[in-house]
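I opened the notebook to look up charged side chains and the contact between chains, and I keep the entries in the order in which I went through them.

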Amino acid sequence: MERHHNSVTRTPLNSVAVQRRSKSKSYRLSYRSGIGAASRLAFTPGLTGRRLNTSRKAPKSDKITEKVTKEQLALLVKTEWKLSYVTPLYQFRHTQLKSYSRQLSAFIAAEKLQGMAVDVEGTQNPFRVSFSLLQEMTESADDAVTVLIQIHSKPLFARQDEPQRPVWSGWLTCINGNLEYLRSLPKDFVCLPLFCSSEAGGLTSLVKSWFQQSFDCCFGPLEISHTSLQWLMALWTNCQQESSIRQLKMIWTLPVEPQLQVTYTVDAEDAWQLWSSVRKENTAGEGGENSIDIEEVMSFMQGLKGHFFRHFRLDLSAGRLNEVSTALGSAKSSGRIKFSNSKYMITTLMLLTECALLKMPI
Amino acid sequence: MDESKKRLVQRIIRRIPAKMLKTTLEKWGRLNGEQQRAMDSIQSKWALTESLLDICEENELAVKHLAELEMIYMINNPDQGMWYAFQLTDPGDEAQSVDLMQFREQFKSHLKELVREVSVKIKKHTDEAVWIRIAWGDAYSRPDHLKPTYVVHYLQTPYVFVTRLTSKQKPMLSQAMVLSTRYQYFKDANLSGRNLTAIRDLLMRKYQQVFPTKYLSPLTERKQTNPHIEREQAKPAANRLQMACEAFGGGTLPQLQSAVYKLETKFRDHTNTLMTEREEPFRCAVKFSSKNLLESLKNCASSGIASTPVTPLLSSIPLKGKNYFVITDNGPGPSSQMRQTQN
């Protein structure tokens with residue numbers, strides 16, 4: 001099998017020395033143009049443009065459980081979320097949540113019940129929206145606090161006394177967002193680039209419309225790239241010693257007629273042994289935090305593909321990796337993520353925040 | 001027994017799609033002209049159920065007649081539910097000469113000895129298949145017609161196909177089969193699928209097979225735009241196509257849905273010494289699934305995604321007629337194991 005090109009790791013990431021050409025203009029350079037001059041000219045990131053980090057800290061069983069309450073966490077785990085990126089929100093205030101709840105509730109009622117006279121301010125409104133903060137779900141001091149939105153509603157022909165049930169939830173978050181970018185934002189903008197929504201009842205598009213109207217932002221679909229899926233595989237497998245992943249499952253699809261799906265499941269211990277065999281001898285400096293490099297991740301994947309090839313003489317590279325899952329969670333290339341275990345959420349969210357920031361057009 | 005009759009009628013009407021009902025009832029042949037016409041004119045399933053119940057009263061039909069109706073439908077539409085293949089091994093001297101009458105009598109009597117309360121129906125279909133419908137009961141209850149087991153056996157061959165069978169029922173079926181066919185063992189053939197016709201064709205090789213030939217046929221695939229590529233690729237592509245067909249067959253291939261391989265082989269990679277030195281096997285499982293698995297695998301081979309000649313692991317599916325394999329490093333052991341291909 002051919003070796004993969006390692007060109008990703010060779011691109012210079014921090015060409016800080018390059019000066020911005022036009023200081024007088026007040027526009028802000030886009031995130032993707034980074035600091036490299038060459039990439040400003042093209043629509044797509046040039047060869048020297050910013051890319052996903054090639055090295056990450058190994059995930060530790062985060063102290064998230066100590067910080068965020070159990071009830072709040074329960075809302076986030078065990079649901080499959082659809083991912084989108086959001087451009088920075090203009091004049092979004094974390095202190096105005098009650099007002100936002102009312103506004104969004106009225107907006108949804110107006111859209112859903114078009115043509116009917118409805119008292120949106122009173123108790124007749126069938127939709128109740130609540131905005132809340134997940135205070136401790138941040139990684140760095142520059143991260144904006146995570147905002148959780150829930151919509152409760154009664155089923156269509158419910159009795160009077162039946163309580164409202166949550167029919168939709170979504171959350172905006174920024175975990176360890178790129179510092180340079182965050183600091184380069186003008187004062188009134190709040191950056192919460194990752195939007196996770198449950199896929200229920202057409203409410204997602206309404207919520208997005210309201211945000212777009214109220215905060216002049218833009219939503220877009222966020223797929224999980226092949227590289228990100230490989231990262232997740234490695235990061236999750238890395239947790240095996242502390243918390244068993246039970247198995248590492250990958251789902252590939254091969255482009256033949258009719259489409260062939262390959263589900264490749266590896267036992268937890270064996271995946272862990274392969275992973276640790278590709279780890280480089282790390283100098284555990286900086287207080288014992290060793291980092292994981294993209295090369296190790298790619299060797300891990302290569303090992304798995306190689307084992308498969310030796311048996312079936314079938315090259316998985318010809319296909320597409322669609323889904324990766326372990327006991328800690330699952331990720332699909334179509335842009336869906338599920339956290340089965342809250343312990344390692346932060347690291348996964350850091351990766352996804354990075355992906356969202358990279359995909360944003362501005 | 002009216003309640004159980006009613007439930008059986010409901011189940012049958014629910015299962016048989018509207019467009020097949022007419023022909024199935026006709027084949028059943030227990031309705032007179034008037035009743036048949038009455039059934040044909042009804043649309044709703046609820047009304048059909050009521051009508052059929054009335055007819056049963058009129059014609060004094062019992063549960064066993066209704067079981068017959070269900071069986072006729074199954075025989076003519078076998079490609080549903082899950083079928084599992086079994087194989088009879090170690091034939092005795094008289095195995096080849098068992099004929100239908102013998103088999104029928106012996107199977108019924110043996111099974112009735114083993115399971116006191118059981119209802120068995122045997123029918124021979126036009127294509128040499130013997131269909132058996134078994135409703136199981138036990139010491140405390142009458143045969144349950146709502147959960148029957150269907151068994152299909154091709155006389156003169158060692159192949160048997162079975163639908164749902166619990167672990168309690170298996171030994172009894174096994175014993176009855178073995179005694180009535182004069183073989184020694186009734187073993188799991190590690191082949192399962194939704195289409196009876198597909199797994200039967202696969203096991204009994206009733207599909208177009210392609211044999212190695214010195215004279216390769218010209219490539220008949222989609223038009224290439226670039227004549228240089230076409231010329232350069234013609235021979236390798238023709239080779240791949242030939243080998244793909246040799247491994248999997250030509251023409252229409254039996255429709256399998258999946259194949260599962262449990263791998264328990266060592267991890268061998270000369271670039272990774274740590275893993276290669278491990279004593280334990282690298283345990284993983286691979287499942288291939290597709291609307292038509294053999295077609296997909298054949299296309300993988302002919303398009304080059306899978307290297308040709310096709311690895312024995314994949315070509316075993318049609319060769320051995322199995323879709324469940326356990327692969328270890330040992331040499332060829334029991335029939336379900338295979339030697340790992342060396343790199």
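Entry 1, a lysine in a loop. I looked up B:Lys147 and found its place in the loop of chain B that runs between strand E3 (129-136) and strand E4 (149-154). The model I am reading is a predicted one, and I keep that in mind for every entry below. I then asked which residues form a positive surface patch with B:Lys147; I noted B:Arg7, B:Arg15 and B:Arg164 as its partners there.

Entry 2, salt bridges. Side chains of opposite charge can pair when their charged atoms come close. I counted 16 salt bridges over all chains of the structure, and one that I looked up joins the side chains of B:Arg11 and B:Glu70 at 2.9 Å, N to O. Because B:Arg11 lies in helix H1 (residues 2-15) and B:Glu70 in helix H5 (residues 63-76) of chain B, this pair ties together parts that are 59 residues apart in sequence.

Entry 3, between the chains. I looked up how many salt bridges there are between chain A and chain B, and the count is 3. I also noted that the side chains of A:Asp267 and B:Arg283 meet in a salt bridge, with 3.6 Å from N to O.

Entry 4, the contact as a whole. I recorded 32 residues of chain A and 40 residues of chain B in the contact, and the two chains bury about 3000 Å² between them, with 60% of it on carbon and sulfur atoms. On the side of chain A, I found that A:Arg310, A:His311 and A:Phe312 supply 25% of the area that this chain buries against chain B, which is more than any other three residues.

Terms used
Residues numbered from 1 in each chain as written. Chains lettered and ligands numbered in written order. Predicted model: local features only at pLDDT ≥ 70, side-chain atom pairs only at ≥ 80, totals over all residues. Heavy atoms only, no water. Patch = residues over 30% accessible without salt bridge, like charges linked within 9 Å, V, L, I, M, F, W, Y side chains within 5 Å. Areas by Shrake-Rupley, 256 points an atom, 1.4 Å probe, with all protein chains shown as cover. Salt bridge = Lys/Arg side-chain N within 4 Å of Asp/Glu carboxyl O. Lys, Arg positive; Asp, Glu negative; His and termini not counted. Charge placed at Lys NZ, Arg CZ, Asp CG, Glu CD. Helix = DSSP H or I, 4+ residues; strand = E, 2+ residues; numbered from the N terminus. Contact = heavy atoms within 4.5 Å. Buried area = accessible area lost by both parts, 1.4 Å probe.
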